[in-house]
Structure formats: C-alpha cells, structure tokens
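Here are my comments on the model you sent, set out as numbered points. I begin with the ligand surroundings and then turn to the chain as a whole.

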Amino acid sequence: MTAHHFAGHKLWHFHGGLHLPEHKETTRDRESRPLPLPQRLVLSLHQHIGEDAEPVVRVGERVWKGQLIARAPSYVSAPLHAPTSGTVTDIGEHPLPHPSGLPGPCIVIEPDGEDAWWPERPQGTRDYLELDPAEIRQRVRDAGIVGLGGAAFPTAVKLNPPAAHPVDTLVINGAECEPYITCDDRLMRERAREVLEGARIIRHALGVERVLVGIEDNKPEAFEALRHELHGESRGGIELIRVPTIYPTGGEKQLIKVLTGREVPSNGLPSDIGVVCQNVGTAAAVYRAIVHGEPLISRLVTVTGHGVAEPGNVEALIGTPIAHLVAHSGGYTEHAERLVMGGPMMGFALHTDELPIIKGTNCILVAREEEVVDPVEPMPCIRCGRCTAACPVDLLPQQLYWYAHARDFDHIQDYNLFDCIECGCCAYVCPSHLPLVHYYRYAKTEIWAQEREKEKADRARRRHEFRLERLEREKREKAERMAKKKAELAKKLKDKEKGGGQDAIQAALERVRQKKAAQGGAETDRQRRPRPRPAPGSNEPPAVASDAGSETHTDPGRQED
Ligand code: SF4
Ligand code: SF4
C-alpha cells in the first residue's frame, strides 16, 4: 500500500486509475438555474436499488407538492413524492432511462401550475441533535432519499449499518471524478452550508465523530466555499481534504481507500471496515428533509456536451423529460448526435429525449458521435495487459472479457465480476478497442436473470414441497384423530359392558336383599300366628317357607283361625 501526505492529510493510492480530459469548463463556472414546470412529470416507481415503490394514489386524483404518491414496500426501497401539485393522469408502463431500454411502471402527473405544497408536509427542525438517531433514519426514509452520486441506494439503510461492524468514520464524497459532470461542484459552491449541516446530521444518525470530506483538487472554489462555511479546513471533527484528480477517485471504495487507507473487501460493504460514505448531494438532501421537512423531489443535473447550446446545471424536478432540460439549456446544436445519461465513462446511451430523469441522474450529455462512441472496429485481444494495469479494483479485465464472451458465467464470478464498478478504465486503454464494459454489463445482467429464474424455480419447488408436506401432515393428523376416536369408542363400550354387568349384579343383589327383608318380615308374622295344623287324618306336612322361592305357597281358600 502506498501513501503520501497531501495538503497535510495522509493519503493512500488505489491501484490503476487514469488522468482523463475533464471537459468541465463549459459548466463549472455557471450558476445553476431552476427550470420552469414541464407539461408532465413521469415518475418511475423504480428510482432506486431495491424493491419498486407501490402507488398510493389513483388516476384522476389531485396531488400536492411533496405528497406521498408511492410507498416503500420493504426495507430496501424508497417512497416517492409528487414533485409539484397537479393531477395524476396515468399509472402504467412507460419507457425508462435504463441501459436495457425496457419500459417500467410509472406515475404520470400533469402539473396545475400552482406548485402548492402539501398542507400535511412534515415539520422540520433545526434541533436535529435532539432527535434520536432512529427518528432521523425514519425521517430520511420517509423523505425518499437515495444516494445521489448515481447508485441510488436507499440512504436510510446506509444510516443503519449492522451492529457487528461498528462505524467510526463518515466519508462525504465530493470528488466528482467523471469528465463533464459538475453538479456536485456547483452544489458545494452554492449550498456549502446544506452540505456541511447534512454531514453533521448523518454523523449524528450514525453516532460517529470523524467526518472526512474528500474533494478533488480540480475544484478549488468548492473547497474554499466549504472551508469558509466550516471556518477552517478542520473543525469540530469535520476535515476537508483535497484529493488528487485521478479517475475514478469518486468511486466509493476508491475514495475510502484514498482517505483512510482501508480497503473494502471483495463482495463487501464499506461498513465492513467501519466506514459509511455519502455523496455531497445526498448530505444536502438529508439537510432539507430534516430541517425543512422536504422530501426528495428535485436535484441538480448537469446538461452538457457539444450538442447543447447553453450547457449548465439546472435544478430539475424528478420525472422531468430530458427534452425539457435540453430545451431550457438553449436547445440542441448541429453536433447533437448522441444522448447519454451520466458521463462518458459510466453513462449509458438513450434512444429518445422523452425519457424522464430519475433521482440518480447527475448528467445529461449531448455529444458528438466520436465523443462517446469508439469509431474504431474492435479487434482481437492482444494480451497486452494494459487493462489490468488501469483497473482501479485490481481485477483481471482480460479474463473477465474472455469468460463473458464465452458465456461462461460460472468462471467469470471466480474473477470477481461483481466487484467491477464499470468505470470503463480498461476499455479506455484497450488498444484493440474492445467494448469491455458492455461485456461485463451483459454478463451481470445474464447472471441476475439466471438467479431470478433459479429463485423463481426454488420458490416453486419450496411451494410444492410445502404442499406435499401439508397434505402428508393432514393425512397423518386425520389418521391419528380416527385412531383416537376408535380407541375412545372401544373404551366406552368396554366400560359400558363392564358397568352393565356390575349393574345387573347389583340389581340382583338388591332384589335378594329386599326379598330377604320381606321374608324376614313374613317369618315374624308367621311366628306370631298359630301354625296351621294338618287336617285330621291328613298326611300332608305343615306348610313351610321355602328359601328357594319368594312366594309362600299357602292355600288361599284355607282361612286361619
Ligand atoms: S487491454 Fe485489451 S488487448 Fe490488452 S489485454 Fe486487455 S483486453 Fe486484451
Ligand atoms: S470497468 Fe471493471 S474491470 Fe474495467 S477497469 Fe473498471 S472496474 Fe476494472
């Protein structure tokens, strides 16, 4: 690991990286502008990494600015709010700005021109230190804030790192390393207080002391604006640090390495090494949510390239069609040949300007063909190794290309495909002009599709197994119930038989007892009465009581004396 001191703070280097032409001069010194309301807003329900938001409004419903229009259905998701007041005119599939070009579910709003805030908008507070960290996370979550550096990961999730990895450092990313893009530069210059206050709020939510704000040294005005606001380069646990301008220093893992010397493990997260990283735009959005109660409904977007007449940065509502951004940036020039969302290294081509911007959109680049498309036909790999030398993640791009080309999606993962940040350094230096990043994106998409299929098949198998298990259990329980019932019945019968016999004996004994008692009474009477005498000359013996019978056989016609 190499390190050097840069303006007083010890810095480390990451592997590879490039010095690229910056092309930032056309927009960096122009103040950002708000845009007039567009005729319609198309809000994708998939603005972020994670599960799509679910609509809570209906077609025809009137909505207010800042009103919740789609809820987050799970932990890794983010809600969506109306960027202005108006009417919901459609909920359905619309083309989305995505490399696949596929449509996706959207809510369409027709603005009413009043731009009226939702009366039930949450109250903000300047006393954020009084808020519990969990309360801050909830408010950030409710405001629909996602990472504005491009990744669009739900911020509330990042503010709640696993307890197993205590976080001690917050990194605020103001590097903005990709050519052409200047929205973070303008934000730091124009809203330095919001960025720093946002950093303090995030620090409070994380419960950490140390905040490192990394700014590439090609943005001296932004650094000065923050330094002025902070009253120094280091104060109250916050340090402003100039970092060398090397692409891609703005990558999360690369900036963490440069500022702290720590390396995020393969397939790991910054929180694994005690760091959370947030973009400057995200910090400003957190400030607006906590202090002013504003959800994330707009952002700064750089509109640039030779194909735009008046390049600059605009404050655009989420869902604004790109055509509206370009129209209010002087319109197209004769050089408008390619439309790209993002920068020339990590952005992706769009087929129409009717597509809306999303929360993660930092740049619209309208370029000449040769600015973004390699005019030379690809040739076979000559195994020069330049791609390996340039890779900031220390991967083997040539091997990745080889396995992606061969559709060997098992082996490609052995070479840590998913650590690739798609920075494009390898393709930029490749003398064979191979579109390497396209191959990596293709391989990732295929693997995700296969995993989704596998997941679907696993779910179906689990459902089937569960059904069989349930049927088997029900059968077993039924058999047990029947056996129990049978046993109870048999026992009852037995008891009855047993109980019935005893009853009969008891009854017989009772009858005998009663008879005896009756006989005892009759004997006494007989003893008191004179015994009948046999008739003279009769040989008949005198009548005697018989023990064997209950009746006394006397001659009813014979009267006693
Ligand atoms: S830079 Fe291009 S030609 Fe050279 S090894 Fe890498 S993929 Fe092959
Ligand atoms: S695109 Fe991926 S493989 Fe190529 S240099 Fe960047 S991180 Fe490395």
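1. In this predicted model, ligand 2 is surrounded by 17 residues, of which the closest are Cys-391, Cys-420, Cys-423, Cys-425 and Cys-426. Two or more residues of this shell are given by each of helix 11 (397-405), helix 13 (425-429) and helix 14 (436-528), and the largest share, three residues, comes from helix 14. Sorted by class, the shell around ligand 2 holds 15 nonpolar residues, one polar residue and one charged residue; the cysteines named above are counted as nonpolar under the classification used here, which should be kept in mind when that figure is read.

2. Around ligand 1 there are 14 residues, and those that come nearest are Cys-381, Cys-384, Cys-387, Cys-430 and Ser-432. Helix 10 (386-390) and helix 11 each supply at least two residues of this shell, with the largest share, three residues, coming from helix 11. The class composition of the shell around ligand 1 is nine nonpolar, three polar and two charged residues.

3. Helix 11 deserves a separate comment, since it is named among the contributors to the shell around ligand 2 and also among those to the shell around ligand 1. Its buried residues are Pro-397, Gln-398, Leu-400, Tyr-401, Tyr-403 and Ala-404. The helix is followed by Arg-407, which has a positive phi, near 55°.

4. How are the domains assigned along the protein chain? The assignment gives domain 1 as residues 16-367 and domain 2 as residues 374-490. The C-alpha centres of domain 1 and domain 2 lie 29 Å apart, and eleven residues of domain 1 are in contact with 14 residues of domain 2. On the side of domain 1 that touches domain 2, the residues divide into five nonpolar and six polar, with no charged residue.

5. The overall dimensions should be described with care. The radius of gyration of the protein chain is 44 Å, whereas a compact globule of 561 residues would have a value near 24 Å, and the C-alpha trace spans about 165 × 60 × 50 Å along its principal axes. The protein chain contains 14 helices and 20 strands, and 40% of its 561 residues count as buried. Among contacts with a separation of 6 or more, 72% are accounted for by residues 24 or more positions apart.

6. Confidence bears on how these figures are reported. The protein chain averages a pLDDT of 90, and 90% of the residues score at least 70. Over residues 528-561, however, the pLDDT is below 50, and this stretch has 16 contacts in the model beyond near neighbours in sequence. Totals for the chain use all residues, so that any account of its dimensions should say that this C-terminal stretch is included.7. Is Arg-227 buried, partly exposed or exposed? This residue is found in helix 5 (residues 220-230), and it counts as partly exposed because it has 18 C-beta neighbours inside 10 Å, a number that falls short of the 20 required for a buried residue. Leaving aside residues up to four places away in sequence, Arg-227 touches Gly-232, Glu-233 and Leu-240. Arg-227 and Tyr-75 are 152 residues apart in sequence, and their C-alpha atoms are 36 Å apart in space.

Methods
Residues are numbered from 1 along each chain as its sequence is written. Chains are lettered from A and ligands numbered from 1 in the order in which they are written. This is a predicted model: local features need pLDDT of at least 70, side-chain atom pairs count only at pLDDT 80 or more; totals for chains, interfaces and linings use all residues. A residue is near a molecule or strand if its C-beta atom, placed from the backbone, lies within 6 Å of it. Helices (H or I, at least four residues) and strands (E, at least two) are DSSP runs, numbered from the N terminus. The radius of gyration is taken over C-alpha atoms; the globule rule is 2.2 Å times the number of residues to the power 0.38. A residue is buried if 20 or more other C-beta atoms lie within 10 Å of its own, exposed if 12 or fewer, and partly exposed in between; C-beta atoms are placed from the backbone. Two residues are in contact if their C-beta atoms, placed from the backbone, lie within 7 Å. pLDDT is the predictor's confidence in each residue, from 0 to 100. Domain bounds come from an automatic or database domain assignment.
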